[in-house]
Amino acid sequence: MSEPLPIDEELVDRLAGPLGERLEAVLDRIRAAGGDQVRLLPVSKAHPVEAVVAGQRHGLGVFGENYAQELSAKHATLGAAAPEFHFIGQLQRNKVRQIAAAVTLWQSVDRIRVADEIAKRAPDARVLAQVNLADDPGKAGCNFEDLPELVDHMQSIGLQVEGLMGVGTAADDQATAAAFRRLRAQADTLGLVECSMGMTADLELAINEGSTMVRIGTALFGARQ
Ligand SMILES: *Cc1c(COP(=O)(O)O)cnc(C)c1O
């Protein structure tokens, strides 16, 4: 493995100012939507490790990442100073081992085979089941129909299933709200507390429908490269 690159402190300085302002604006949006109890997960995917360090300067301690390679590179670069990472991207079974030590919550588990691999590499891991909220079967996530079996299986192999995760449908607001409502209802039916839903474009809709965690990239870090 190649040596991790050093942190570019000047870049951290440059990113920290705007990030502080955007963070205040996002927290204002969350509060205005009535989400005082809703947690903010900053999504640093496709931004440099310096964006994570800038976030840490503002007191952020947990970051969402989508790509195993990128997550493990950031984790290695930061070493003992690494924050917690949630994995929120499409998860391939053969990537689980690479990031098992760095991930504190697996938000995007949508298949039994992947769940089995997580249980093998990280026994007792905390997980969310990702549900496909789009009509498009090509999108990530388990179908609502298959969800009870997936959750049951994950619990039976010792994973700590804390809740559900879903990505808004990007259709009109009404359809998105209905999808979020269905996700919240499923979580309640399954006795699960956590409902990770809401991104930059739809965090208000998600909070209104009972989100417990919003995952915010663009509104905090700007457009991705
Ligand atoms: C990229 C991503 C986010 C953040 O999206 P923004 O629209 O930039 O806020 C949240 N959740 C998932 C699963 C993502 O892939």
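# A tour of the helices and loops

In this predicted model, begin by selecting helix α5, where Val114, Ala115, Glu117, Ile118 and Ala119 are buried. Keep these residues displayed and add the elements around them, since the buried residues of α5 pack against α4 (96-99), β4, β5 and α6. For orientation while you make that selection, α5 itself covers residues 112-121, β4 covers 103-109 and β5 covers 126-131, while α6 runs over residues 147-156.

Next, show α5 and α6 together as a pair. Two packed helices are described by the angle between their axes and the distance between the axes. The axes of α5 and α6 come within 10 Å and cross at roughly 15 degrees; with a crossing angle under 35 degrees, α5 therefore counts as roughly parallel to α6. The crossing in which α5 passes α6 is right-handed. To see the contact itself, select Ile112, Ala115 and Asp116 in α5, which meet Glu149, Leu150, His153 and Met154 in α6. Sorted by class, this contact of α5 with α6 has four nonpolar, one polar and two charged residues.

Stay with α6, hide α5 for a moment, and turn the view until you look along the helix axis. Which residues of α6 are buried? They are Leu147, Leu150, Val151 and Met154, and, seen down the axis of α6, the buried residues fall within an arc of 95 degrees, so they line one face of the helix. On the other side of α6, Glu149, Asp152 and Ser156 are exposed. If you now bring back the surroundings, what covers the buried residues of α6 includes β4, α5, β5, β6 (160-166) and α7 (173-189). Before leaving, step just past the end of α6 to Gly158, which takes a positive phi of about 95 degrees.

The tour continues with two residues whose backbone deserves a look. Most residues other than glycine have a negative phi, and most peptide bonds are trans. Select Asp124, whose place is in the loop between α5 and β5; the phi of Asp124 is near 65 degrees, a positive value in a residue other than glycine. Then select Ala46, found in the loop between β1 (39-42) and α2, where phi is likewise positive, near 65 degrees, in a residue other than glycine. Is Ala46 buried, partly exposed or exposed? At 29% relative accessibility, Ala46 counts as partly exposed, because that category lies between the 20% and 50% cut-offs.

From Ala46, follow the chain into α2 and display α2 with α1, which are residues 49-57 and 9-32 respectively. The axes of these two helices come within 8 Å and cross at roughly 55 degrees, which makes α1 oblique to α2. Here α1 passes α2 in a right-handed crossing. On the α1 side, the contact is made by Glu9, Leu11, Val12, Asp13, Leu15, Ala16 and Leu19, and on the α2 side by Glu50, Ala51, Val53, Ala54, Gly55 and Arg57. By class, this contact of α1 with α2 has eight nonpolar, one polar and four charged residues.

Keep α2 on screen and replace α1 with α3. The axes of α2 and α3 come within 10 Å and cross at roughly 60 degrees, an angle that makes α2 oblique to α3, and the crossing is right-handed. The residues to select are Val49, Val52 and Val53 of α2 together with Lys74, Thr77 and Leu78 of α3. By class, the contact of α2 with α3 has four nonpolar, one polar and one charged residues.

Within α3, which spans residues 68-78, pick out Ser72. At 18% relative accessibility, Ser72 counts as buried. Leaving aside neighbours within four places in sequence, Ser72 is in contact with Gln98 and Ile99. You can also draw a distance from Ser72 to Ala101, whose C-alpha atoms are separated by 9.2 Å although the two residues are 29 residues apart along the chain.

Finish at Gly168, which lies in the loop between β6 and α7 and, at 17% relative accessibility, counts as buried. What does Gly168 touch, not counting residues up to four places away in sequence? Select Thr176, Phe180 and Asp202, and you have the residues that Gly168 touches on that basis. A last distance to draw is the one between the C-alpha atoms of Gly168 and Leu203, which are 35 residues apart along the chain and are separated by 9.5 Å.

How values were computed:
Residues numbered from 1 in each chain as written. Predicted model: local features only at pLDDT ≥ 70, side-chain atom pairs only at ≥ 80, totals over all residues. Heavy atoms only, no water. Axes fitted to C-alpha atoms, helices over the stretch in contact; angles between N-to-C directions. Helix = DSSP H or I, 4+ residues; strand = E, 2+ residues; numbered from the N terminus. Parallel < 35°, antiparallel > 145°, perpendicular 65-115°, else oblique. Left-handed = near helix turned anticlockwise from the far one by under 90°. Contact = heavy atoms within 4.5 Å. Nonpolar A, V, L, I, M, F, W, Y, C, P; charged D, E, K, R; others polar. Buried < 20%, exposed > 50% of the residue type's maximum accessible area, 1.4 Å probe, protein only. Arc of directions from axis to C-beta.
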